[in-house]
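Me: I'd like a close look at a single part of this model, and at how it sits among its surroundings. Could you walk me through it in one go?

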Amino acid sequence: VGVAAAAVVQKLGRQTAASLLRQSPATIPSSEDRLLLGSAWINSLAELNGAAQVHKLYASQIPQLDITEVAKILGTTTAEIERGWQLWIDSYLAGMPSASHPMTMPMGASHH
């Protein structure tokens, strides 16, 4: 899941945990990509904080996953959730071939 999610992040640019949880077509047009990144976020939560956190989230049965609600349920802060997600996805991005990074500017394109 991590490698596939990293490929999506490379394609769409960096996504915040808040936008993944919102599952907004405006931020992530493809429903497959939204599903994949949502699954990746759940994976990151389990890997970083243990499966108990994931169970806690599912047990809460909140109808709309919102980062503020999620932080409350997990007893953490939205900043911690974002930090964990970025660290997790970074570890997968680090293993990706750098030639496909859309974030890098071509040489000399930044000056006018």
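Reply:

**A close look at Leu74 and helix H5**

Leu74 is buried, because its relative accessible area is 5%, and under 20% counts as buried. Please keep in mind that this is a predicted model. Leu74 belongs to helix H5, which covers residues 67-74. Setting aside residues up to four places away in sequence, Leu74 touches Leu45, Gln53, Lys56 and Leu57. One of these partners, Lys56, is 18 residues from Leu74 in sequence, while their C-alpha atoms are 7.0 Å apart in space.

Now for the helix itself. The buried residues of H5 are Ile67, Val70, Ala71 and Leu74. Seen down the axis of H5, these buried residues fall within an arc of 100°, so they line one face of the helix. There is a simple rule in the background: an α-helix has 3.6 residues a turn, so residues three or four places apart point the same way. The cover over the buried residues of H5 includes H2, H3, H4 and H6. After H5 comes Gly75, with a positive phi near 65°.

From here we can step out to the core. The largest nonpolar core has 26 residues, and those touching the most other members are Leu37, Trp41, Leu57, Val70, Ile81, Trp85 and Ile89. Val70 is also one of the buried residues of H5, and Leu57 is among the contacts of Leu74. The elements giving two or more residues to this core are helix H1 (2-12), helix H2 (17-22), H3, helix H4 (51-60), H5 and H6. Trp85 deserves a look of its own: leaving aside neighbours within four places in sequence, Trp85 is in contact with Gln15, Thr16, Ala17, Leu20, Leu37, Ala40, Trp41 and Ser44. Two of those partners, Leu37 and Trp41, are also among the core members with the most contacts to other members.

Next, the open space. The largest pocket has a volume of about 200 Å³. Its lining is made of 14 residues, with Leu48, Asn49, Glu80, Ile81 and Gly84 nearest the centre. Helix H3 (31-49) and helix H6 (78-93) are the elements that give two or more residues to this lining. H6 supplies the largest share, six residues. By type, the lining divides into seven nonpolar, five polar and two charged residues. Ile81 takes part in both pictures, since it lies among the residues nearest the centre of the pocket and is one of the core members that touch the most others.

H3 also holds Asp33. With a relative accessibility of 10%, Asp33 counts as buried, because the cut-off is under 20%. Apart from neighbours within four places in sequence, Asp33 is in contact with Val8, Lys11, Leu12 and Ile28.

Finally, two loop residues are worth checking for their backbone angles. Gln23 is not a glycine, yet it has a positive phi of about 55°. Gln23 lies in the loop between H2 and H3 and is partly exposed, with a relative accessible area of 30%. Gln61, likewise a residue other than glycine, has a positive phi near 50°. Gln61 sits in the loop between H4 and H5, and at 68% relative accessibility it counts as exposed.

To return to where we began: Leu74 is buried, and it is one of the residues on the buried face of H5.

Notes:
Residues numbered from 1 in each chain as written. Predicted model: local features only at pLDDT ≥ 70, side-chain atom pairs only at ≥ 80, totals over all residues. Heavy atoms only, no water. Helix = DSSP H or I, 4+ residues; strand = E, 2+ residues; numbered from the N terminus. Buried < 20%, exposed > 50% of the residue type's maximum accessible area, 1.4 Å probe, protein only. Contact = heavy atoms within 4.5 Å. 1 Å grid on protein atoms, 1.4 Å probe; cavity = no way out; pocket = protein on both sides within 12 Å on 5 of 7 lines; lining within 4 Å. Points joined across faces, edges and corners; volume = space filled by probe spheres on them. Nonpolar A, V, L, I, M, F, W, Y, C, P; charged D, E, K, R; others polar. Core = buried A, V, L, I, M, F, W, Y, C linked by side-chain atoms within 4.5 Å. Arc of directions from axis to C-beta.
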